[in-house]
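Me: Please take a close look at one part of this model, the buried or exposed state of its paired charges, and then work outward to what surrounds them.

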Amino acid sequence: MSEIDDKSLLAKFRNPDTQHYAFNLLVRKYQEKLYWHVRRMVIEHEDANDVIQNVLIKVWKNLGNFREGSKLYTWLYRIATNESLTFLNKKKKKFFAPIDDDESDLSNRLKADPFFDGDEVTLKLKAAIHALPEKQQLVFNMRYYDEMTYEDISDVLGTSVGALKASYHHAVKKIEKFLKDD
Amino acid sequence: MKTDKDILQELQQIAPQLAKIEKKQPYQVPANYFEELPQAIQKEISLQNQRPKIWEWLYQLIVQPQYRLAVAVFVAVFIAGFYYFNYNTMNPAPEFNQLALEEMDTYINDNLDDFDESLLLENSMAMLDESTESAVEEMELTDEEIEDYLIDEADDQFLEEELL
């Protein structure tokens, strides 16, 4: 089945008769991209599942207010990003301390995770990414994995393109150093 | 795609080692997860739509004729309870130290039979001692003046009882 374009999807959503159908199409079109974006931030599947459900319910509630001048997928990414950060902050407060700052702790968690299937290099790359500040992780993930343009990342994070280029550059340098040092 | 090439070139320039690593998704999801997620979301949305909001529920409750009497009684009891408890809070029983001395004397004289005589006597003596001590302190007398007063005014028997 060919994917419906965002404009037609939004038009169908605005029609009460086809609203649920249109939303179902939207979920099927974007669920994987949004899920992996969230999963890279929160790491575990159970957490990612909770966050993605919240994201999609927020999308359902707010899609009627979406302005067509913006790109739908960057708007979706923005909601997913905010929900992931909110989730991580709540988790930190719950445990009264920063979590997963220790790379060995993350490696151990990933090794024990039944939903992780990566080799040593991948494990090390994940640990290197996770050692970055949250904002740099987001920039790196969106550029490296999702291959987004700086303009679109800027739309998601509300940061200037120049600042994003600098952030990505720093993130990549740190990861390269991390990989070389071992 | 131009963006992909740009991103790869950018990466090769900044981090050649990282650029060599094969990009792959190491995370997995449970079987059929993405097939079932849209249904799970639709189910959650339907549940949320079914859950009436509290204000809508209250409004429905008030406008339904069969509940009007019950709601009116509940509101009346609530208001009465509110005023009763607030009246007690706003008009508390007077504190003992807020009563005027004359009021207390009048009450005691009127209800003298209700009081224990020895207790009254004890309290009266204590009050007398306090008032005498404070009167002496207010006069600011020196020790010599007190001695002179005692020598001049007190009788010998009293002095013997107090000093010996």
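Reply: In this predicted model, D113(A) and R39(A) are both buried. Their side chains meet in a salt bridge, 3.9 Å from N to O. The two residues come from distant parts of the chain, 74 residues apart: D113(A) sits in the loop between α5 (103-112) and α6 (120-130) of chain A, and R39(A) in helix α2 of chain A.

A second buried pair is K91(A) with D47(A). Their closest N and O atoms are 2.8 Å apart in a salt bridge. K91(A) belongs to helix α4 (residues 72-94) of chain A and D47(A) to helix α3 (residues 45-62) of chain A, so this pair ties together parts 44 residues apart in sequence.

E134(A) and K92(A) also form a salt bridge, at 2.8 Å from N to O. This one links helix α7 (residues 134-144) of chain A, which holds E134(A), to helix α4 of chain A, which holds K92(A), across 42 residues. E134(A) counts as partly exposed because its relative accessibility is 24%, and K92(A) is partly exposed at 28%. Over all chains, the count is eleven salt bridges.

Helix α2 of chain A, where R39(A) lies, also packs against helix α1 (residues 6-14) of chain A, at an angle of about 145 degrees and with the axes 7 Å apart. By class, that contact has eight nonpolar, one polar and three charged residues.

The largest nonpolar core has 76 residues, and F23(A) and L26(A) are among those touching the most other members. The most is given to this core by α2(A), with twelve residues. Beyond its neighbours within four places in sequence, F23(A) contacts residues including F13(A), W60(A) and I41(B).

Technical notes: Residues numbered from 1 in each chain as written. Chains lettered and ligands numbered in written order. Predicted model: local features only at pLDDT ≥ 70, side-chain atom pairs only at ≥ 80, totals over all residues. Heavy atoms only, no water. Axes fitted to C-alpha atoms, helices over the stretch in contact; angles between N-to-C directions. Helix = DSSP H or I, 4+ residues; strand = E, 2+ residues; numbered from the N terminus. Nonpolar A, V, L, I, M, F, W, Y, C, P; charged D, E, K, R; others polar. Core = buried A, V, L, I, M, F, W, Y, C linked by side-chain atoms within 4.5 Å. Buried < 20%, exposed > 50% of the residue type's maximum accessible area, 1.4 Å probe, protein only. Contact = heavy atoms within 4.5 Å. Salt bridge = Lys/Arg side-chain N within 4 Å of Asp/Glu carboxyl O.
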